[in-house]
Amino acid sequence: MQKLGDFKLPHFFNYPPYFTLQPVRETREKQVQLWKDLILDYCRTQKIFIIGLEEEFPLFSNPVIERTLSHEAREAFFSALVSEGRAEWLDKGHRKCLILWHRIQDWAGIILNFVKDNGFEDSVMTVEEIRSGIESRGTELHGIDRTILMRALKILEQKGKLAIFKGTSADDEGVKFSV
């Protein structure tokens, strides 16, 4: 089985037709599903949040079989993720995509569990501490994309679970949990 670092690639990754958009509807649907699952799984395990469709990305080509996804195929796979709420286009030209291996509301739940599991109810933390502090090491929150984190925090704020307060810079924005 082929690997990308410590990530095991699925068997279809070595099957040349899967690097070309399939014309038969049923086959294409299966192809799109396999690629969506692969993209989400790879991004989750590698903590990748943003992918540029025109940039080098390990999943876009397989040198072993000398195949590369066309721009049209990349856009089809990412558009399918966007339509399911598992990704968002970051620009009108569909060149950059924000990957949501967890939906924003799921990230909000992960934050709540993190707060409860670590006894941070009624505590104050900076946004940066949540993203990269000692407390978040070894959790899914460590290294989270700031945009995703802020959107999840806003959901929790609307539910009355926390208050976000602005600092003098983005580095000292704070969160007061009231779980």
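## Close-up views of a two-domain predicted model

**Figure 1. Asp-41 is partly exposed, with a relative accessible area of 31%.** Welcome to the first close-up of this structure, which is a predicted model. The salt-bridge partner of Asp-41 is Arg-44, and the closest N and O atoms of the pair are 2.5 Å apart. Arg-44 has a relative accessible area of 38%, so this residue counts as partly exposed too. Both residues belong to helix 1, where three residues, about one turn of the helix, separate them.

**Figure 2. Gln-31 is a buried residue of helix 1, a helix that runs over residues 25-46.** The relative accessible area of Gln-31 is 0%, and because buried means under 20%, this residue falls in that class. The side chain of Gln-31 reaches out to the backbone oxygen of Tyr-18, at 3.0 Å. If you set aside neighbours within four places in sequence, the residues in contact with Gln-31 are Pro-17, Tyr-18, Phe-19, Thr-20, Leu-21, Gln-22 and Phe-77.

**Figure 3. Here is the whole chain, to place the close-ups in context.** The chain has 179 residues, and buried residues account for 42% of them. Five helices and 10 strands make up the list of secondary structure elements. Measuring sticks at the ready: along its principal axes, the C-alpha trace spans about 55 × 35 × 30 Å. Of the contacts between residues at least 6 apart in sequence, 53% join residues at least 24 apart. The structure also holds 11 salt bridges.

**Figure 4. Domain 1 (3-99) meets domain 2 (104-177).** Taken over C-alpha atoms, the centres of the two domains lie 30 Å apart. At the interface, seven residues of domain 1 are in contact with 10 residues of domain 2. The two domains bury about 570 Å² between them, and carbon and sulfur atoms carry 55% of that area. Look for Lys-47, Phe-49 and Leu-98: together they supply 74% of the area that domain 1 buries against domain 2, more than any other three residues.

**Figure 5. Polar and charged groups also take part in the meeting of domain 1 and domain 2.** One salt bridge is found across this interface. Glu-88 and Arg-151 form a salt bridge, with their closest N and O atoms 2.7 Å apart. Four residue pairs are in polar contact across the interface, both members being at pLDDT 80 or more. Sorted by class, the side of domain 1 that touches domain 2 consists of four nonpolar and three charged residues, with no polar ones.

**Figure 6. Asp-91 and Arg-95 are paired through their side chains in a salt bridge.** The N to O distance in this pair is 3.6 Å. Arg-95 has a relative accessibility of 42% and counts as partly exposed.

**Figure 7. Arg-146 and Glu-173 meet in a salt bridge, at 2.1 Å from N to O.** Arg-146 lies in helix 5 (residues 146-158), while Glu-173 sits in the loop between strand 9 (162-165) and strand 10 (174-177), so the pair ties together parts that are 27 residues apart in sequence. Glu-173 is buried, with a relative accessible area of 8%. Which residues are linked with Arg-146 and Glu-173 in a network of salt bridges? They are Glu-128, Arg-131 and Lys-166.

Terms used: Residues numbered from 1 in each chain as written. Predicted model: local features only at pLDDT ≥ 70, side-chain atom pairs only at ≥ 80, totals over all residues. Heavy atoms only, no water. Domains from an automatic or database assignment. Contact = heavy atoms within 4.5 Å. Buried area = accessible area lost by both parts, 1.4 Å probe. Salt bridge = Lys/Arg side-chain N within 4 Å of Asp/Glu carboxyl O. Polar contact = N/O pair within 3.5 Å; in protein donor to acceptor, adjacent residues only side chain to side chain. Nonpolar A, V, L, I, M, F, W, Y, C, P; charged D, E, K, R; others polar. Helix = DSSP H or I, 4+ residues; strand = E, 2+ residues; numbered from the N terminus. Buried < 20%, exposed > 50% of the residue type's maximum accessible area, 1.4 Å probe, protein only.
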